[in-house]
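Subject: Structure for you to look at

Dear colleague,

Please find below the structure we spoke about. I suggest opening it beside this email and following the notes as you read.

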Amino acid sequence: MANYAITVIKIAKAEEGYLEKSAAAYKKNPGILDEKTAGAGKDNYTKYGRDMHAIYPAVMDFPAYWCDAFVDWCFYKAYGVTTAKSLLCGNFDDYTVASASMYDKHNALGTEPKKGAQVFFTRNGKTSGCHHTGIVTDVDETYFSTMEGNTSGASKVVSNGGGVKAKKYKIADYKGKVLFGYPKYDEEKSAAEKKTVKVEAAKKKDVKLAGTYEAKAKLELKVGAGKEKTTIKTLSKGAKVRNYGFYNEAGGTKWLYVDASGTIGYCPINKLKK
């Protein structure tokens with residue numbers, strides 16, 4: 001079974017609105033943890049902490065601050081214990097510094113937001129300053145969106161807010177303030193790939209164009225020259241493509257016929273750097 005990012009994102013989104021429970025409510029009825037809003041309080045009693053503590057009591061405390069337990073729980077529900085640990089680069093942990101450090105040890109920690117990544121909000125731009133975490137659910141040129149546990153609906157970072165909320169942050173405002181852990185998901189095929197859309201033949205050639213290029217920003221690989229053409233797959237910023245001089249033109253722009261890690265398609269030359 002494939003381990004796609006969308007699987008954990010769907011599970012995280014389904015938890016939106018969950019509220020942590022009071023100690024009194026839990027002691028009266030431990031089953032209250034499975035209710036979405038009943039028994040709300042400020043004592044860090046959640047189903048996420050309970051379930052992760054049952055799996056890994058030596059590390060996952062209960063009750064305790066639970067933003068990282070929420071992330072681990074979503075991965076556990078999506079992929080099972082063994083695969084979830086592997087995707088999280090080693091193990092479950094409810095301490096954000098430890099979780100970020102595991103990604104770092106596996107060269108899977110960076111500063112670029114990516115869909116499905118684990119975001120770490122940090123006070124000093126380093127793993128040692130991580131104090132809150134969540135799952136990145138979407139990214140565009142301006143914002144990255146998240147699902148977070150133990151937060152509130154306030155626009156700023158809230159690391160002890162008592163609920164599961166969808167949040168949105170301006171990328172430019174958080175440079176140097178966030179780190180991203182990159183689980184090694186299986187690559188998802190686009191609708192175009194699934195339908196085996198035929199890529200248009202290149203009609204022009206200029207040997208001076210041949211070479212390796214890098215995407216300047218997030219970029220769509222198309223079946224032909226032109227923005228209106230069907231997208232085969234989305235390339236992340238920094239993704240490398242190979243061109244052998246072949247291209248087509250559309251709207252006054254050269255669209256290079258490229259090989260993107262084994263997938264053939266077209267990219268506009270002004271969105272690439274050689």
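A salt bridge here is a side-chain nitrogen of Lys or Arg within 4 Å of a carboxyl oxygen of Asp or Glu. Please keep in mind that this is a predicted model, in which local features need pLDDT of at least 70 and side-chain atom pairs count only at pLDDT 80 or more, while totals for chains, interfaces and linings use all residues. Residues are numbered from 1 along each chain as its sequence is written, and side-chain values use heavy atoms, with hydrogens and water left out.

By that rule, the count comes to eight salt bridges. In one of them the side chains of Asp51 and Arg50 meet at 2.8 Å, N to O, and these two residues are also linked with Asp34 in a network of salt bridges. Asp51, at 17% relative accessibility, counts as buried (under 20% relative accessible area, with exposed meaning over 50% and partly exposed in between, using a 1.4 Å probe and protein chains only), whereas Arg50, at 25%, counts as partly exposed.

Another salt bridge joins Lys47 and Glu15, at 2.9 Å from N to O. This pair links distant parts of the chain, since Lys47 belongs to helix α3 and Glu15 to the loop between α1 and α2, 32 residues apart (helices, H or I of at least four residues, and strands, E of at least two, are DSSP runs numbered from the N terminus). Lys47 is buried at 13%, and Glu15 is buried at 10%.

Turning to the rings, a search of the whole structure finds 18 aromatic pairs (rings of Phe, Tyr and Trp, the last by its six-membered ring, with centres within 6.5 Å; planes under 30 degrees apart count as stacked, over 60 as edge-to-face and the rest as tilted). One of them is the edge-to-face pair of Tyr45 and Phe62, with 5.5 Å centre to centre and 85° between the planes. Tyr45 lies in the loop between α2 (23–28) and α3 (47–55) and Phe62 in the loop between α3 and α4 (67–79), so the pair ties together parts that are 17 residues apart in sequence. Tyr45 is buried, at 11% relative accessibility, while Phe62, at 22%, is partly exposed.

The rings of Phe75 and Tyr185 have centres 6.4 Å apart and planes at 20°, so this pair is stacked. Phe75 is in helix α4 and Tyr185 in the loop between β6 (178–181) and α7 (191–194), 110 residues apart.

With best wishes
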